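Work through the exercises below with the sequence and the model side by side. Try each task before reading its solution.

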Amino acid sequence: MLDNAIKHTPVGGTVTICGRNNNSETVEISVRDTGSGIPEDMRKRIFERFSHKEEPGGRPGTGLGLAISRRIVISHGGDIKVSSQPGKGAELTVRLPAIYDINGKTELVKAGPSS
Ligand SMILES: Nc1ncnc2c1ncn2[C@@H]1O[C@H](COP(=O)(O)OP(=O)(O)O)[C@@H](O)[C@H]1O
Ligand SMILES: [Mg+2]
């Protein structure tokens, strides 16, 4: 997410990383940028393998990063979302169930896909 944000944000733009604890049930990490943004048709496919477009002159990518990220996040009971205003930037958010320790016993709070 960070690599993508930096790659798609021109010099002088901003990349913001934000962490959130949602009532200790889930934690979220988001990466927001002020770069090119992601058109709607691309947003629909962004978590599929090889969804990327070849960018002339751009740093080449494999088109696997977000597909692998999504599989990892889902396998940990979380989810990953994208939002974007093309031309203004993009925000990718990973949400994971919180793990906490009660009397030395580790508890996993279940998180399902958000509505
Ligand atoms: N922050 C972003 N801003 C603009 N486009 C993005 C951003 N993140 C992802 N994308 C788009 O999603 C595609 C897929 O990303 P990814 O799976 O990481 O593959 P890769 O970075 O190898 O191309 C990218 O090629 C790009 O088109
Ligand atoms: Mg990438």
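## Overall layout

The protein chain holds three helices and six strands; helices (H or I, at least four residues) and strands (E, at least two) are DSSP runs, numbered from the N terminus. The model is predicted: local features need pLDDT of at least 70, side-chain atom pairs count only at pLDDT 80 or more, and totals for chains, interfaces and linings use all residues. Residues are numbered from 1 along each chain as its sequence is written, while chains are lettered from A and ligands numbered from 1 in the order in which they are written.

## Exercise 1: the sheet

Task: work out the order of the four strands in the open sheet, and name the edge strands.

Solution.
- Start with the sequence pattern. The protein chain reads α-β-β-α-α-β-β-β-β.
- Next, find the pairs. Two strands pair if DSSP finds at least two bridges between them.
- β1 and β2 (residues 26–33) pair in the antiparallel sense over eight bridges. G19 stands opposite I29 in β2.
- β2 also pairs with β4, again antiparallel, over eight bridges. Here V27 has L96 of β4 as its bridge partner.
- β3 and β4 (residues 89–97) run antiparallel and are joined by seven bridges. V82 has L92 of β4 as its bridge partner.
- Put together, the order is β1-β2-β4-β3, with antiparallel pairing. The edge strands are β1 (15–22) and β3 (79–85), each pairing on one side only.
- Neighbouring strands of this sheet are turned by 15° against each other on average, direction ignored. Axes are lines fitted to C-alpha atoms, for helices over the stretch in contact, and angles run from 0 to 180 degrees between N-to-C directions.

## Exercise 2: the hairpin

Task: find the residue with a positive phi in the hairpin of β1 and β2.

Solution.
- Look between the two strands. The hairpin has three residues there.
- N23 takes the positive phi, near 50°.

## Exercise 3: helix and core

Task: place α3 against the sheet, then list the largest nonpolar core.

Solution.
- α3 lies across β3 and β4, and runs at about 135° to β3.
- A nonpolar core is a set of buried Ala, Val, Leu, Ile, Met, Phe, Trp, Tyr and Cys residues joined through C-beta atoms within 7 Å. Buried means 20 or more other C-beta atoms within 10 Å of a residue's own, exposed 12 or fewer, partly exposed in between, with C-beta atoms placed from the backbone.
- The largest core has nine residues: M1, A5, I38, I46, F47, L66, I80, A90 and L92.
- L66 touches I46 and F47, not counting residues up to four places away in sequence. Contact means C-beta atoms, placed from the backbone, within 7 Å.
- Over the protein chain, 17% of the 115 residues are buried.

## Exercise 4: one residue in β2

Task: is E28 buried or partly exposed, and which residues does E28 touch?

Solution.
- E28 sits in strand β2.
- E28 is partly exposed, because 16 other C-beta atoms lie within 10 Å.
- E28 touches R20, N22, T93, V94 and R95, not counting residues up to four places away in sequence.
- E28 and L96 are 68 residues apart along the chain, yet their C-alpha atoms are separated by 6.4 Å.

## Exercise 5: the ligand shell

Task: which residues come nearest to ligand 1, and which helix supplies the largest share of the shell?

Solution.
- N4, H8, H52, G61 and G65 come nearest, of 20 residues around ligand 1. A residue counts if its C-beta atom, placed from the backbone, lies within 6 Å.
- α1 (2–7) and α3 (65–75) each supply at least two shell residues. The largest share, three residues, comes from α3.

Methods. Two residues are in contact if their C-beta atoms, placed from the backbone, lie within 7 Å.
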